[in-house]
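Please look over the model below before reading on. My notes concern a few of its helices and how they pack.

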Amino acid sequence: MRLRRITTATLATALLLAMAGTAQAQDDSAAPRAVLDGSQPAYATPAHDLGAVPAGQTLTARLYLGTRDPAGLAAFLRDTTDPKSRDYGHFLTPAQYQQRFGLATAQRRDVAGWLTRAGLKVTADTTHYLQVSGSAAAMKTALGTSIHRYGTAWGPTQAPDHNASLPAALAGDVVALDGLSSPAGASPASRRSTAPATGADAHCSAYFGQLPATGQPPAYGHPVPYTTCPYTPSQLRRAYGAAPKGATGKGRTIAIVGAYGSPTIAADANHFATTTGDRPFRPGQYREHVDPKGWQVSAACAPPDAWAGEQALDVEMAHGYAPDADVLYAGADSCLDGDLMDAEASVIDTHAADLISNSWAEIIHAQPGHLTPGLVAAWDMLFQQAAAEGIGVYFASGDCGDASPAAAATGMNCDPQTTQVQAEFPAGDPWVTAVGATTLATDKAGNYAWETSMGDAVSIRPNGTGDWAPVPGVFGFGGGGGPSDFAQPWYQKGHVPDHLAGGHRVAPDVSLAGDGAMPVLIGYTVNGVFQLVGYGGTSAATPGFAAIQADAEQEQGRAFGFANPLLYSMAGSAVFHDVTDQPKAVGSRPLTVIQDEGAAAGDLRYLLYTLGRDNGLPATSGYDPATGLGSPSTDYLRRFATHG
């Protein structure tokens, strides 16, 4: 080791630097402050305050960064995503985006300097956030707020005791604070159905109405058929016109973001494809970014095994609708927003895919609530970056109807902590395409017959005997939608009725088959055994619609990127099926099916589903909050590519 000689000049310089740092720290504390609105979670109230955390306790936080030119970014996005603009489709590379709209190096240095002068250590530095750790006392110095513990439904949970603040000179450079709270996580937007595959011990119809439920009581004065057997990818492609020669998504990449990762997914997807008469992935066509060593498994998230079915659903639907597209699975280390955002950003920052499918959802208004306005803003910025780069981001709209407390009282895939009617997030963000779900019926030839909204009222035969009760039943499952917390975007104006919007962004934008009462078929390994099972939910619809978009991009020969402006420019045209609660093709009789859950279900073996009963979200002619613009017609690929 070479010794460094300490001269008088060197010592004087060091002392001057230290004095400057001390003076600057004092200036930080005395300088005007800007409040970071929404950084205190709603559950952090005086009534639930358990006291401050010890001053010496080590804490970790993330500070999400803003953009250097918010107004310029807004103008650019409008121009590049609006089909009427001369700059439509003139996207940026990730490097160009950072150079034009990311924080400048000097701005990032100023943010880091403020944090380190307060005694915090920067442990991660990305283009999206700075992650810091340090004592509670240092965190208070930096953020201008103490960190307390609060009694919540999750147990004792820490959070700022009031909104954080930062030096006014840095206002806008930081948009969100995360990590100091102990949040709940996102949930898969899917539900496993026990609707059988062909050959199982239960009954199902080859097409709607084919097999009457002999021995079961009528409903609404009419006999009821068994539900359809779960749809295979080839059936879905045929129904939606995604089977023309050459429309296979070739040359496109679909990314799927979820939590964790199944070790058998590649083999499962190939097994499923060959079993259902499709082609398995070619070598290298399926890739994944998964790191089990980094997984954060906790009570806040469903366990990895529970996400395995979701992953199989997403991968197999994407491959099924676009069999030649590459598929990239980005598995987050948990279902928490920070980890999911890292997974999403890993795709966007490298432009690793043309489209991103996300089959998970969470709610903003909950008790206790964890999605602060700042965290929502950080997500929104990430979606804007994707739009600037020409990446289409697709989100499941959720499976709880209007996500109200009334829906959650009986809904099978609802968050019981909801406090109000709301569109689920991130589907309600204006920079993503929200995908709802429908109930699809095919005819004897396998062609499209009709659709209704995914909204199931469930009735049973108490003790397995007697008539169905109650009729029409209790809400069990339904596509999410309705007004969000965001202002109405320009592309929805004139297309979404004012009485629905009320000045807000409304979800969903489009829909595709996904009802758990008439589900899709997937295959994956459960407890070491490969199984074919039925799955339903908007998470069946979302990767399917993203894959249809990949087919359309192949037909057009270029990326569409953020698709909503183009989708709404074709509102009411023949590219969409106008889906309603009561399809004209079936008349006025209530739509009902009986699902046979198999002998193992005992007295609850048979369930009556009354269809088209989404909670709080009627499906009417034109745009509606249950199915959006509708589902793709058999002309969708040809006409969408022409319009694009």
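The points below take one helix by itself and then two helix pairs.

1. This is a predicted model, in which local features need pLDDT of at least 70 and side-chain atom pairs count only at pLDDT 80 or more, while totals for chains, interfaces and linings use all residues. Residues are numbered from 1 along each chain as its sequence is written, and side-chain values use heavy atoms, with hydrogens and water left out.

2. Helix α10 covers residues 373-388, helices being DSSP runs of H or I with at least four residues, numbered from the N terminus. At 1.5 Å a residue its 16 residues should span 22 Å, and the end C-alpha atoms are indeed 22 Å apart (the expected span being 1.5 Å times one less than the number of residues). Because 14 of the 16 residues are buried, α10 is largely enclosed by the rest of the structure (buried meaning under 20% relative accessible area, with a 1.4 Å probe and protein chains only). Just after α10, Gly390 takes a positive phi of about 80 degrees.

3. Helix α9 (residues 337-348) packs on α10 at an angle of about 10 degrees, with the axes 10 Å apart, which makes the two roughly parallel (angles under 35 degrees). Residues in contact (heavy atoms within 4.5 Å) include Leu340 and Ile348 of α9, and Trp379 and Phe383 of α10.

4. Helix α2 (residues 70-81) and helix α3 (residues 94-101) pack at about 140 degrees, their axes being 10 Å apart, and are therefore oblique to each other (angles from 35 to 65 or from 115 to 145 degrees). Here Gly72, Leu73 and Phe76 of α2 meet Tyr97, Arg100 and Phe101 of α3.

Conventions: Buried means under 20% relative accessible area, exposed over 50%, partly exposed in between (1.4 Å probe, protein chains only). Axes are lines fitted to C-alpha atoms, for helices over the stretch in contact, and angles run from 0 to 180 degrees between N-to-C directions.
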